[in-house]
Amino acid sequence: MPARRNPTARQVRLGTELRRLREAAGLKATEAAALLGTNSVQMSQMESGIAGVSEQRVRRLAANYACTDDALINALAAMATDRTRGWWEEYRGILPTAYQDLAELDHHARFRKEVAVIHVPGLLQTEDYARALFAYMNPEFPDSEVALRVEHRMKRRVVIHSPDPIPYETVIHEAALRIRVAGRAASRVQLDRILEVSEADHVTVRVIPFALDDFAGAGSTMVHVGGAVPRLDTVVRDAPHGTAFIDSEAQLEHFRKLFRRVKEEALPPERSRDLIHQLAKEL
């Protein structure tokens, strides 16, 4: 398959998992390449996502690596054969690649869990809130650039509003609900929006109140996206120079435990809704 100039995060993840299988088998790249009748350069390109890999080759590699996890093998084969060109492709070359990678990640997700400390989660934001947020965080942007980002964010909401939505669970700190990103009136509409979405059976919203003692938080916004199998889960975090995709098993397990702890400390859904109602009335 021809080399790619800019592999997507999903393509890179496939290559990463193939490398992990090889390393678990105790094989060097040159040894694995010999088993396929190829060379170490092509093996390196496959493991970095620069070169595509066929379903047949994925299954041959798994067999050579003595991998017996059928669910994982089938999931990797599905990633190798996926040719989805979703709505996010129209923004390729226009917005930073992380925007497309996040949308594609959501599209293939089995679930999405999230902790928000400072801002309302993106999937729950109104247009006015998102516009005010992007404009404030990027004061040098012209209105056209802000509009593109708002448009993209609104389209990403399809994963919880489609006829077949994914389960969505979020824990929001009271700080994020109180900060008036877009002014008093827009903040009231934003809170109403959260309440409206929280009524859906597949959506669960919990709130961490200011009154909670001994809460050190999750550090920053944290998003846990479910893969086809748990090993293919991804954690997304804000990093100093962009968005960080975390997928090592040790890190994934750490964030699973962290989310469970934050969730347990939050108010239950009904009491969370009561608090959001109260905040809306105060506006």
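A residue counts as exposed when its relative accessible area is over 50%, and as buried when that area is under 20%. With this cut-off in hand, A216 is easy to place: its relative accessibility is 80%, so it counts as exposed. All of this comes from a predicted model, not from an experiment. A216 sits in the loop between β3 and β4. From A216 to A32 there are 184 residues along the sequence, and the two C-alpha atoms lie 46 Å apart in space.

The same loop, between β3 and β4, also holds D214. D214 has a relative accessibility of 73%, and because that is over the 50% cut-off, it counts as exposed too. Its backbone is worth a look as well. Most residues other than glycine have a negative phi. D214 is not a glycine, yet its phi is positive, near 55 degrees. A66 does something similar, with a positive phi of about 60 degrees although it isn't a glycine either. A66 belongs to the loop between α4 and α5, and its relative accessibility of 59% means that it counts as exposed. A positive phi also turns up at G26, just after α1, with a value of about 75 degrees; this one is a glycine.

Now for the strands. Strand β2 covers residues 168–173, and 6 of its 6 residues are buried. In a regular strand, the side chains alternate between the two faces of the sheet. In β2, that puts Y168, T170 and I172 on one side and E169, V171 and H173 on the other, and both faces are covered. What does β2 pair with? One partner is β1 (residues 112–116), which runs parallel to β2 over 5 bridges. Another is β3 (residues 203–208), also in the parallel sense, this time over 6 bridges. Individual residues can be matched up too. Between β1 and β2, E114 stands opposite T170, while A116 has I172 as its bridge partner. T170 also has a bridge partner in β3, namely V205. T170 therefore links to E114 in β1 and to V205 in β3.

Strand β1 has a further partner, β4, and here the pairing is antiparallel, over 4 bridges. E114 turns up again, standing opposite V223 in β4, and V115 has M222 as its bridge partner there. Is β1 enclosed or open? With 4 of its 5 residues buried, β1 is largely enclosed by the rest of the structure. In β4, M222 and H224 point one way and V223 and V225 the other, and all of them are buried.

The helices come next, starting with α1. Helix α1 runs over residues 9–24, which makes 16 residues, and it reaches 22 Å from its first C-alpha to its last, close to the 22 Å expected at 1.5 Å a residue. An α-helix has 3.6 residues a turn, so residues three or four places apart point the same way. The buried residues of α1 are R13, L14, G15, T16, E17, L18, L21 and R22.

How do the helices sit against each other? Two packed helices are described by the angle between their axes and the distance between the axes. For α1 and α3, the axes come within 5 Å and cross at roughly 120 degrees. That makes α1 oblique to α3. On the α1 side of the contact are V12, G15, T16, L18, R19 and R22, and they meet M46, E47 and S48 in α3. Of these, G15, T16, L18 and R22 are also among the buried residues of α1.

Helix α3 (residues 40–48) packs against α2 (residues 29–36) as well, at an angle of about 100 degrees and with the axes 8 Å apart. That makes α2 roughly perpendicular to α3. In this contact, A29, T30, A32, A33 and L36 of α2 meet S40, M43 and M46 of α3. M46 thus appears in the contacts with α2 and in those with α1.

The last pair is α4 (residues 55–64) and α5 (residues 70–81), whose axes come within 8 Å and cross at roughly 150 degrees. That makes α4 roughly antiparallel to α5. Their crossing is right-handed. Here E55, V58, R59 and A62 in α4 meet I73, N74, L76, A77, A80 and T81 in α5. The loop between these two helices is where A66 is found.

Note on methods
Residues are numbered from 1 along each chain as its sequence is written. This is a predicted model: local features need pLDDT of at least 70, side-chain atom pairs count only at pLDDT 80 or more; totals for chains, interfaces and linings use all residues. Side-chain values use heavy atoms; hydrogens and water are left out. Buried means under 20% relative accessible area, exposed over 50%, partly exposed in between (1.4 Å probe, protein chains only). Two strands pair if DSSP finds at least two bridges between them. The expected span of a helix is 1.5 Å times one less than its number of residues. Axes are lines fitted to C-alpha atoms, for helices over the stretch in contact, and angles run from 0 to 180 degrees between N-to-C directions. Angles under 35 degrees count as roughly parallel, over 145 as roughly antiparallel, 65 to 115 as roughly perpendicular and the rest as oblique. A crossing is left-handed if the near helix is turned anticlockwise from the far one by less than a right angle, and right-handed if clockwise. Contact means heavy atoms within 4.5 Å.
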